[in-house]
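Work through the exercises below with the model open beside you, and try each task before reading its solution.

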Amino acid sequence: MTTLWGGLEAGGTKFVCAVGSGPDDIRAEARFPTTTPAETLARAIAFFREQVDQLGPLAAIGVGSFGPVDPDPASPHYGYITTTPKPGWKNTDVVGPLRAAFGVPVGFDTDVNGAVLGEARWGAARGLANAVYFTIGTGIGGGAILNGRLAHGLVHPEMGHMLLRRDPARDPYVGHCPYHGDCWEGLSAGPALEERYGVKAETFGPDHPAWDLEAHYVAQALMNVICILSPERIILGGGVMGQAHLFPRIHREVQTLLNGYVQHAAILERIAAYIVAPGLGTRSGILGAFALAEQALADA
């Protein structure tokens, strides 16, 4: 029999739930708004119960969540969304109710760590031991696999909040982030683009000046990551990166900023295959949740 995974992509705006065994076998899927913790988690549990009744038991459930979160299995607050600014969700136990309802292993991590795991299992980072995934949309987050394992430390990576160099003469906008002002998320996420120019970014044409500035900030962040983590591939997803013309701009900016310092053909000659779009398209997150479930069962 096929092993079935439950996957939950817990976003700040919507939850996506799915049951299946991989990219080519998604048996059922549901999306619904993120409201209160009690209501939203109850809807997720009801979805999985319905699928268990119809399809059979789940081997494990994986959750990739908005954060910050506690991903340390040894912590008493493992599986919690912690200090999120999202109203009502601070210190919310996500894993506990799922474990209680289904009695199976539950893997839990950030949504971006889940996405990079999914890309390593089935997508653009398949076969690589070191890769980084960024989502650039309503916010900016980064997940990493280093030497074949998801990156954790004191907590988990928060690469969207790295500080960048802003030239006030070129960009007088002081930033959107309520914590850091002009960090990467504060300068480059969707709300920053809208606030800077007064209209939504999806209305910009390919020649809008916003895109050269966006590419410059993204390239600064990627230069930092290349120099610190030395990934074998960088994957850029999220709504803002739906603008395909951004990729060549970012490629050129990264090469300009590195200025020949990192002497590797992947950057000097093949950068279009080094900084890429997700191989799983918009399904990196939910398939990453499947991969977290698979990992949770292996670790159980």
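**Exercise 1: Packing around a core residue**

Leaving out neighbours within four places in sequence, V254 makes contact (heavy atoms within 4.5 Å) with A219, L222, I226, I271 and I275. The model is a predicted one, in which local features need pLDDT of at least 70 and side-chain atom pairs count only at pLDDT 80 or more, while totals for chains, interfaces and linings use all residues. Residues are numbered from 1 along each chain as its sequence is written, and side-chain values use heavy atoms, with hydrogens and water left out.

Task: find which residues of the largest nonpolar core touch the most other members, and which element gives the largest share of this core.

Solution. Begin with the term: a nonpolar core is a set of buried Ala, Val, Leu, Ile, Met, Phe, Trp, Tyr and Cys residues joined through side-chain atoms within 4.5 Å, where buried means under 20% relative accessible area, exposed over 50% and partly exposed in between, with a 1.4 Å probe and protein chains only. The largest core has 42 residues, and those touching the most other members are F134, W184, L222, L236, I250, V254 and I275. Next, list the elements, taking helices (H or I, at least four residues) and strands (E, at least two) as DSSP runs numbered from the N terminus: those giving two or more residues to this core include β8 (131–136), α6 (210–229), β11 (233–237) and α7 (246–258). The largest share, 11 residues, comes from α6. Apart from this core lies another, of 28 residues, among them L4, C17, A28 and Y78.

**Exercise 2: Aromatic pairs**

Task: determine how the rings of F66 and W89 are arranged.

Solution. Rings of Phe, Tyr and Trp (its six-membered ring) pair if their centres lie within 6.5 Å, and planes under 30 degrees apart count as stacked, over 60 as edge-to-face and the rest as tilted. A search of the whole structure finds nine aromatic pairs. For F66 and W89 the centres are 5.6 Å apart and the planes stand at 70 degrees, so the pair is edge-to-face. This pair links distant parts of the chain, since F66 lies in the loop between β4 and β5 and W89 in the loop between β5 and β6, 23 residues apart. Both F66 and W89 are buried. The same test applied to F204 and W211 gives centres 5.7 Å apart and planes at 65 degrees, so this pair is edge-to-face. Finally, ring pairs join F15, F32, F66 and W89 into a cluster.

**Exercise 3: Backbone details in loops**

Task: where is the cis peptide bond that leads into P68, and is N147 buried or exposed?

Solution. The bond from G67 to P68 is cis, with omega near 5 degrees, and P68 sits in the loop between β4 (60–65) and β5 (80–81). Turning to N147, this residue is in the loop between β9 (140–146) and β10 (149–150), and its phi is near 50 degrees, a positive value in a residue other than glycine. With 66% relative accessibility, N147 counts as exposed.

**Exercise 4: A strand residue**

Task: what is the relative accessible area of I61, and which residues does I61 touch beyond its sequence neighbours?

Solution. I61 belongs to strand β4 and is buried, with a relative accessible area of 0%. Not counting residues up to four places away in sequence, I61 touches G6, L98, F102, V104, P105, V106, G107 and A293.
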